[in-house]
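Colleague: Got a minute to go through this one with me? I'd like to start with a strand pair and then move on to the charged side chains.

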Amino acid sequence: MVPKIWGRKLIYSLGLYITIIKHRTDSALIFCAPINPLSMVNIVQTIMSRRRYANERQANGSKINLLYSTPSCYLKSLHDAGISWPTKSDDFFPYASDPHAYWTGYFTSRPTLKRFERDGNHFLQVCKQLSALAPQQSAEFDPHLNFMRETMGIMQHHDAVTGTEKEKVALDYAKRLSVAFRACSTNIRSVLNQLSKGSSQETSTNYPLELKTCSLLNITSCSTSESSSRFALTLYNPLAHRTNEFVRIPVLDYNYVVTDSSGKSLPTQVVPIPAPVLSIKQRNSSATYELVFLASNLPAVGFKTYFIEKSDDTAHKKPKSLPKKSTSYTVIGDKNFNLTFDTNGFLSQASADGMTRMISQEFLYYEGEIGNNKEYLNRSSGAYIFRPKEGKLHFATDHVSIDVYKGSLVHEVHQKFNDWISQVVRIYNGRNYAEFEWLVGPIPIEDGNGKEIITRFNSDIKSEGIFYTDSNGREMIKRQRDHRDTWNLKLHESVSGNYYPVTTKIALEDSTARMAILTDRAQGGSSMQDGALELMVHRRLLHDDAFGVGEALNETEYGIGLIARGKNHLFIGASLMREDISLKAMERLVQLETLLPSWKFFSNMKEYTQQQWLSEFTNSYTGISSTLPKSAHLLTLEPWHDNELLVRFEHILEKDEDSNYSKYVQFNVKDVLGGFKIVDMRETTLDGNAWLDEHRRFEFVPDPEDESYNAYGVFKKQSNRVHLLDAAKPLLGVKYSNEALETGELGAESNRIRRSANNRHFTMHRERTTQDERKSANKAYVPANDRAKYLIELSPMEIRTFVIYLE
């Protein structure tokens with residue numbers, strides 16, 4: 001028998017989440033809420049039937065009352081129960097269902113779908129903004145935008161973006177998203193043509209500008225730029241401040257001229273496409289070069305169009321790699337930021353902020369554990385579970401072949417580690433960080449072993465087991481290797497038990513130096529040794545982990561293992577405040593600009609000369625009247641109801657991350673959205689579902705510190721051994737294992753960390769609540785004059801949502 005536990009238990013049964021609140025008086029209330037609306041009728045019938053039978057037992061002394069409820073009613077009942085509640089301020093990750101099953105594999109599973117989902121959000125924001133900015137809208141606008149919204153909602157499902165679905169289901173998700181891209185593209189094509197050409201035929205499909213999206217730019221393939229000697233590139237910037245961005249376009253040759261919206265020719269550089277990318281068998285492209293130029297001053301919430309034409313000018317030179325060095329180091333970058341590569345082709349050091357640190361980077365892999373999943377010790381690594389065989393790392397290679405290309409805009413090192421791992425390391429002119437674009441796959445499985453590939457950055461930073469990962473791209477959470485804040489940890493899986501989700505950033509530092517890595521998709525990451533950061537970029541496994549997927553995580557495409565390509569951005573510098581901007585603030589700004597860069601739209605211009613393009617089109621446009629401060633982000637701008645907009649503003653920095661950018665910001669909505677005829681504005685809750693001035697949060701009283709840490713989640717009765725759910729398919733049935741484990745291994749009563757109570761607990765809580773209410777009341781007060789009504793203030797990490805009413 002499993003010992004009874006004081007507290008709250010979450011049970012999954014009959015398609016319902018049933019939460020049992022175990023009161024200290026031994027009475028209990030059970031509230032049921034359906035989680036699958038498609039089977040609502042059957043669920044309600046089941047609930048009513050079971051409710052009647054359960055409640056009839058009250059005549060025999062039962063203290064259980066079963067009723068059908070909603071989340072709102074349930075929360076109110078918890079509040080009205082009049083009891084104090086335990087609090088938890090540390091993270092839940094990484095969690096495990098048994099000592100050998102850490103659910104840290106899905107942080108990386110299906111990396112290409114994870115990236116596609118992020119592209120989907122990027123495109124959705126572009127579609128929302130342009131739909132809101134449209135001079136005229138056709139009847140299809142709302143259905144197209146809603147389809148994209150709904151599809152991205154599906155992509156957030158816990159078995160979609162996590163990669164814990166079957167491969168056929170993953171392909172269906174990708175298909176749905178590709179259809180949604182096409183649907184929203186019709187909105188975008190209409191709006192951009194209206195804004196560029198002034199066309200009033202918003203329902204016409206014969207637009208002057210094609211505005212095609214090249215969905216295969218990640219493998220440097222685009223039919224328009226490859227087949228056209230003259231084409232236009234429209235860059236739409238979804239951010240509410242101006243940006244400077246280095247643009248890369250696949251082309252057939254190396255002699256092109258780029259003209260901006262003022263008619264000025266821009267400096268360009270051409271670099272060859274890396275050989276491993278060219279050799280991808282499924283890549284249907286003739287492009288062998290990438291054209292690089294700097295798109296500067298891109299308008300906020302707007303676009304700028306560039307005219308690109310093939311030239312016969314002999315001044316353009318074919319790019320050549322620098323002579324290979326066998327006895328000396330290779331350096332790329334400038335005096336402000338540079339990287340050094342050793343004679344074996346590996347990164348060896350980095351220089352930034354006037355200091356040089358030992359920094360190396362390599363690719364390694366874990367072999368996935370193989371088992372029959374019938375007992376915990378035989379758990380396999382799978383879509384959910386990361387369980388490396390013996391916790392050992394294997395090197396991909398001990399020597400790297402490199403080619404080096406240097407120009408006025410970018411320095412690049414093309415690295416080839418082996419036949420299935422390669423990388424391009426770039427430093428753009430004037431940038432204080434480096435870009436690492438990796439290519440991994442097909443992961444070989446001929447030896448019968450699944451593999452989980454990581455990239456690891458090693459440094460001489462004395463991190464002492466401490467590192468940081470982000471929480472959904474926002475606050476950074478402190479992590480400590482082999483440690484949990486509220487219990488004494490006993491790990492049976494030393495690697496997977498230290499893995500955490502990395503949505504956008506992982507970092508470590510000491511008193512003098514800091515190293516941070518930005519990701520372009522969700523990945524698992526850790527610091528398994530001091531000064532080192534590792535990120536899992538791809539995984540291919542040959543056995544299921546018995547958590548419900550029912551098949552191995554063995555993704556294939558065109559009959560071979562899946563190939564994944566992605567980017568990491570490396571920051572190195574002083575950990576203390578710098579004179580102009582802190583490294584943390586720089587990371588935040590770059591994070592925003594790399595996750596929401598300009599979206600590229602291509603148009604064939606064979607019917608237009610450069611002069612006709614300049615005279616007949618509006619080639620620069622901004623949708624806002626005033627840019628936001630750098631630390632403020634226009635999180636949402638979208639059509640809501642008739643003559644209404646939904647807008648969200650976000651402060652992207654945490655408190656004390658920067659002496660300047662971490663301050664609160666203030667701006668006037670009418671100044672920012674001056675192009676709209678605003679007549680009123682009202683703030684809502686974060687989700688936009690309720691008016692903020694009508695919303696009252698419940699006040700829950702937390703347990704005193706000693707009870708919070710010492711009473712919650714400990715066994716009511718002492719027990720030397722316990723039984724967990726059966727290892728085989730633990731999510732699909734309530735069956736207990738015959739394999740008994742010592743309670744100490746589970747982190748139960750013998751491991752809980754005791755803390756002293758604060759006698760003024762309840763008094764302090766009431767004082768704090770009163771102060772918070774005063775602050776809220778002061779903040780909610782709006783002076784009578786009209787201009788102040790539209791004034792918005794944002795504190796660090798704050799998000800505010802508004803409905804804006806238009807004429």
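Colleague: Which residue stands opposite Lys 478 in β24?
Modeller: Tyr 468 does. Keep in mind that this is a predicted model.

Colleague: Do tell, in which sense do β23 and β24 pair, and over how many bridges?
Modeller: Antiparallel, over five bridges, with β23 covering residues 466-470 and β24 covering residues 476-480. Five residues sit between the strands of that hairpin, and Asn 472 has a positive phi near 55 degrees.

Colleague: Switching topic: how many salt bridges are there in the whole structure?
Modeller: The search finds 43. One of them joins the side chains of Arg 248 and Glu 412, at 2.6 Å from N to O.

Colleague: Where are those two in the chain?
Modeller: Arg 248 is in strand β8 and Glu 412 in strand β19, 164 residues apart.

Colleague: And are Arg 248 and Glu 412 buried or exposed?
Modeller: Both are buried. They also belong to a network of salt bridges with shared partners, including Glu 290, Arg 426 and Lys 567.

Colleague: What about Glu 694 and Arg 682, how far apart are the closest N and O atoms?
Modeller: 3.1 Å, in a salt bridge. Glu 694 counts as exposed because its relative accessible area is 56%, while Arg 682 is partly exposed at 26%.

Colleague: Last one, helix α3: how many of its 23 residues are buried?
Modeller: 18, so α3 is mostly covered. Its end C-alpha atoms are 34 Å apart, which agrees with the 33 Å that 23 residues should span at 1.5 Å a residue.

Technical notes. Residues numbered from 1 in each chain as written. Predicted model: local features only at pLDDT ≥ 70, side-chain atom pairs only at ≥ 80, totals over all residues. Heavy atoms only, no water. Pairing = 2+ DSSP bridges. Helix = DSSP H or I, 4+ residues; strand = E, 2+ residues; numbered from the N terminus. Expected span 1.5 Å × (residues − 1). Buried < 20%, exposed > 50% of the residue type's maximum accessible area, 1.4 Å probe, protein only. Salt bridge = Lys/Arg side-chain N within 4 Å of Asp/Glu carboxyl O.
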